[in-house]
Structures are given as C-alpha cells and as structure tokens.
Amino acid sequence: MSHVRDVCKKTFKSSLNLKRQKTTQTCEGPQRGEICERPFLEKDDLNVHYRSHTKEMAYSCEVCGKTFTSKSNFVTHEKCHRNERNYVCEICKKAFIVKRHLNVHHLIHTQEKPHVCDMCNKGFSQKNNLTYHYRVHTQETIFMLCVR
C-alpha cells in the first residue's frame, strides 16, 4: 500500500515516511538555511546548523561550563565527566567515549593506511594527517603554538 501526499502527490512506502515528509519538507524539496542555503531534511538539523552561524550555544555543561550548539555533542561531552567509555578495543583494551574514535584507533593495530598522498604515495591512517602532510609538497608555512 502506498501513501500519497495530497499537496504534491508524492508517494511513500509507509505512513511514517509520509508523516516525516510533511513535517520536514515542502513539496519542492528539503528546507534550506536562510544564511547559507544548505539543505536539511530534518528541521532540528537545520536549527543546529543555524546556531553554528549565530554562535548561539544552546547547551552548557554544568561541570566545566563548556558550551555546545547541538544536543548530541553535549550528551557525548557529558560522558567524559562520568568516564563513560563504552567502546573498548578488543586488542589492547583501550576504551573510548565515541565509536568513531575506536574505529580510528583500530587502524593502529591493523596498520591500515587508507589515505594515500597522490604526490608521493605515502600512506596515513587518518585523513587529517594526510591533509597536514600535503603541506610538505605545497611548502605551506606551518605555525605551531607554544604550549607551556
């Protein structure tokens, strides 16, 4: 059974998808931000992105005072104060708050280097290290901050 939106006649496989489309989109397509026109399917995602432009911090940590534009980043941050590290490396038992960090860490053990410089073929386990490495080829000046 298909579900049809009465305004634009788009069809959906489930009533839930139809309801989601009604609450998040116009018939023309996704909602767009007023500042940068970036499209978002979810209104909440648009609101979080909007705060990145306005620098509005909707969430504040009661322990350390750090502020966040998104609830998900705030919730993740709270885990550090509770030492809640649910993602554990099976090889060395190091624990992480965020699964993505465990996945990046795992590359240490597998010695995978999926990010390869197209100029010299040097491999890197993390994309940010490859980006940093490109400066060797471009002679871009790297300024380091003194931390004492």
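**View 1. Gln-126 sits in the loop between strand S11 (123-124) and helix H5.** This is a predicted model, and we start the tour at this loop residue. Is Gln-126 buried or exposed, or something in between? With a relative accessibility of 29%, Gln-126 counts as partly exposed. Setting aside residues up to four places away in sequence, Gln-126 touches Val-104 and His-115. Look for Glu-112 too: 14 residues separate Glu-112 and Gln-126 along the chain, and their C-alpha atoms are 9.6 Å apart.

**View 2. Helix H5 takes up residues 127-138.** How far apart are the end C-alpha atoms of H5? They are 17 Å apart, and this agrees with the 16 Å that 12 residues should span at 1.5 Å a residue. Just past the helix comes Gln-139, which has a positive phi, near 60°.

**View 3. Cys-117 and Cys-120 come with no disulfide.** Searching the whole structure turns up zero disulfides. The sulfur of Cys-117 has its closest cysteine sulfur in Cys-120, but the two are 3.7 Å apart, so they are too far from each other for a bond; a disulfide would need them within 2.5 Å. Seen from the other side, Cys-120 is in no disulfide either, and its nearest cysteine sulfur is that of Cys-117. As for exposure, Cys-117 counts as buried because its relative accessibility is 0%, while Cys-120, at 36%, counts as partly exposed.

**View 4. His-77 is a buried residue in helix H3.** Helix H3 covers residues 71-81, and His-77 is part of it. Why does His-77 count as buried? Its relative accessible area is 12%, and the cut-off for buried is under 20%. The side chains of His-77 and His-81 are joined by a polar contact of 3.1 Å. That spacing fits a simple rule: an α-helix has 3.6 residues a turn, so residues three or four places apart point the same way. Leaving out neighbours within four places in sequence, His-77 is in contact with Cys-61, Cys-64, Lys-66 and Phe-68.

**View 5. Two of the annotated stretches, 59-86 and 87-114, can be set side by side.** UniProt, in an unreviewed entry, places the feature "domain: C2H2-type" at residues 25-58, 59-86, 87-114 and 115-142. For residues 59-86, the end C-alpha atoms lie 23 Å apart, and the span is 39% helix and 14% strand. For residues 87-114, the end C-alpha atoms lie 22 Å apart, with 43% helix and 14% strand.

Technical notes:
Residues numbered from 1 in each chain as written. Predicted model: local features only at pLDDT ≥ 70, side-chain atom pairs only at ≥ 80, totals over all residues. Heavy atoms only, no water. UniProt positions renumbered as here; feature names shortened; annotations may be inferred. Helix = DSSP H or I, 4+ residues; strand = E, 2+ residues; numbered from the N terminus. Buried < 20%, exposed > 50% of the residue type's maximum accessible area, 1.4 Å probe, protein only. Polar contact = N/O pair within 3.5 Å; in protein donor to acceptor, adjacent residues only side chain to side chain. Contact = heavy atoms within 4.5 Å. Expected span 1.5 Å × (residues − 1).
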